[in-house]
Each structure stands twice: as C-alpha cells, then as structure tokens.
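Here are some notes for reading the structure alongside its sequence. Please keep both in view and find each residue as it is named.

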Amino acid sequence: MRRRPAIGSPFTVLLLVCSFALTGYVGVRLLAGDWLGVSLWFVGAALLHDLVLLPLYTVADRAVVTVFQAAGHRDLVGYARVPAALSGLLLLVWFPLISGQMADRYRSVTGLSSDRFLARWLLITAVLFGGSALLLVLRLRRAAKQRPPAVHD
C-alpha cells in the first residue's frame, strides 16, 4: 500500500506557498540588476559558512560543552550558547560596519559616522552575556534555596 505524503494543514500549505512566492519574487528582483554578482555572493557565502564558519563555531560549542560537562553542569550550556549565538548573528549582519570596511560608503549615504558600530556591538555583547550570567545566578540561587539542608551526624 502506498502512503500519502503528510503535507500538513491547509494553513501550513498556504504559508509554504506564500513563502515560495515571496522568495521567487525577491529572487527575480534581486537577480535583475547583477545576476552574476549576486549568484557569486550567494555561492561564496554558502562556501564560507560551510567550510569556515561551521567548523569554527562547532569547535567553540564543543569546547563550551566540555567545560560545562567537566564542571558537572551540562544543563547550563544554554547560558553561554544563547548570548554567543545572538552576538555572532549581530556580528555577521553588521560586520562591514563593525569592521569599518564600509565606513566611507555609509557616511556618503547617511551622512553619519560608522565609528560607533564596534563599540555598540561590544556593548550589546556584554549586555547579552551579563544578562545571561544574571539569569544563571538567579537560577542557581533558587536551586540552592529549594535544596534540603544537609544532615550532619
């Protein structure tokens, strides 16, 4: 007997069709100006991610997991993963301005200086890790209060 593929609810199918339509529209508009340059950029970005970035953040994640596991707190890895992922995503999106590579272009288009992007990214990263550390401390304090007192003989 041949099984029917599970395609989901009508709402899910509608969302999927709309996302493909929007992606197709954006692709046509994006490729209309410089299709070769855009195509090379996408291929280069995919190769950079798969061959360079993915191994780097996999090694970094394994190191964090190893450290937390050695301390006996593997369940706390998320307190390092989440701020690192958000900070990395911000760095990836804003890298040309953070690194200063597009400072002249940014100034010519907006009339503003791009000098503050590095400081702001560092501040956001510090706030993300600080907030995560604060949540970790609060969790550990709550766990310590809920633990029964040790019995001394």
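**Notes on the helices and their contacts**

1. Once neighbours within four places in sequence are set aside, Pro 55 is in contact with His 49 and Asp 50. Pro 55 belongs to helix α1, and because its relative accessible area is 37%, between the limits of 20% for buried and 50% for exposed, Pro 55 is described as partly exposed. Please bear in mind from here on that this is a predicted model. A second residue can be used to place Pro 55 in space, since the C-alpha atoms of Pro 55 and Tyr 25, which are 30 residues apart along the chain, are separated by 33 Å.

2. Tyr 57 also lies in helix α1, and with a relative accessible area of 44% Tyr 57 is partly exposed. How far apart in space are Tyr 57 and Ala 85, C-alpha to C-alpha? The distance is 9.3 Å, although the two residues are 28 residues apart in sequence.

3. The next point concerns the way in which α1 and α2 are arranged. Helix α1, which covers residues 10-70, packs with α2 at an angle of about 160°, and their axes are 11 Å apart. Because angles over 145 degrees count as roughly antiparallel, α1 is roughly antiparallel to α2. The crossing of these two helices, α1 and α2, is right-handed.

4. Which residues make the contact between α1 and α2? From α1 come Leu 53, Asp 61, Val 64, Val 65 and Phe 68, and these meet Ala 80, Arg 81 and Leu 92 in α2. Sorted by class, the contact of α1 with α2 has six nonpolar residues, two charged residues and no polar ones.

5. Helix α2 also packs with α4, here at an angle of about 175° and with the axes 10 Å apart. That angle makes α2 roughly antiparallel to α4. The residues of α2 in this contact include Ala 84, Leu 90, Leu 91 and Trp 94, while those of α4 include Trp 121, Ile 124, Leu 128 and Phe 129. By class, the residues of the contact of α2 with α4 divide into 18 nonpolar, three polar and one charged.

6. Tyr 79 is one of the residues through which α2 meets α4, and Tyr 79 itself is found in helix α2. Is Tyr 79 buried or partly exposed? At 22% relative accessibility Tyr 79 counts as partly exposed, because buried means under 20%. Not counting residues up to four places away in sequence, Tyr 79 touches Ser 132, Leu 135, Leu 136 and Arg 139. For Leu 135, which is 56 residues away from Tyr 79 along the chain, the separation of the C-alpha atoms is 8.1 Å.

7. Ser 132, which lies in helix α4, is buried, with a relative accessible area of 10%. Apart from its neighbours within four places in sequence, Ser 132 is in contact with Tyr 79, Ala 80 and Pro 83, and these residues are among those through which α2 meets α4.

8. Which residues form the largest nonpolar core? This core has five residues, namely Leu 97, Ile 98, Tyr 106, Phe 117 and Trp 121. Helix α2, residues 78-98, and helix α4, residues 116-146, each supply at least two residues of the core. Tyr 106, as one member of the core, touches Leu 97, Gly 111, Leu 112, Ser 113, Ser 114 and Phe 117, when residues up to four places away in sequence are not counted.

9. A last residue to find is Ser 114, whose place is in the loop between α3, residues 103-110, and α4. Because its relative accessible area is 5%, which is under 20%, Ser 114 is buried. Not counting residues up to four places away in sequence, Ser 114 touches Leu 97, Ala 103 and Tyr 106, and of these Leu 97 and Tyr 106 belong to the largest nonpolar core.

Definitions and conventions: Residues numbered from 1 in each chain as written. Predicted model: local features only at pLDDT ≥ 70, side-chain atom pairs only at ≥ 80, totals over all residues. Heavy atoms only, no water. Core = buried A, V, L, I, M, F, W, Y, C linked by side-chain atoms within 4.5 Å. Buried < 20%, exposed > 50% of the residue type's maximum accessible area, 1.4 Å probe, protein only. Helix = DSSP H or I, 4+ residues; strand = E, 2+ residues; numbered from the N terminus. Contact = heavy atoms within 4.5 Å. Axes fitted to C-alpha atoms, helices over the stretch in contact; angles between N-to-C directions. Parallel < 35°, antiparallel > 145°, perpendicular 65-115°, else oblique. Left-handed = near helix turned anticlockwise from the far one by under 90°. Nonpolar A, V, L, I, M, F, W, Y, C, P; charged D, E, K, R; others polar.
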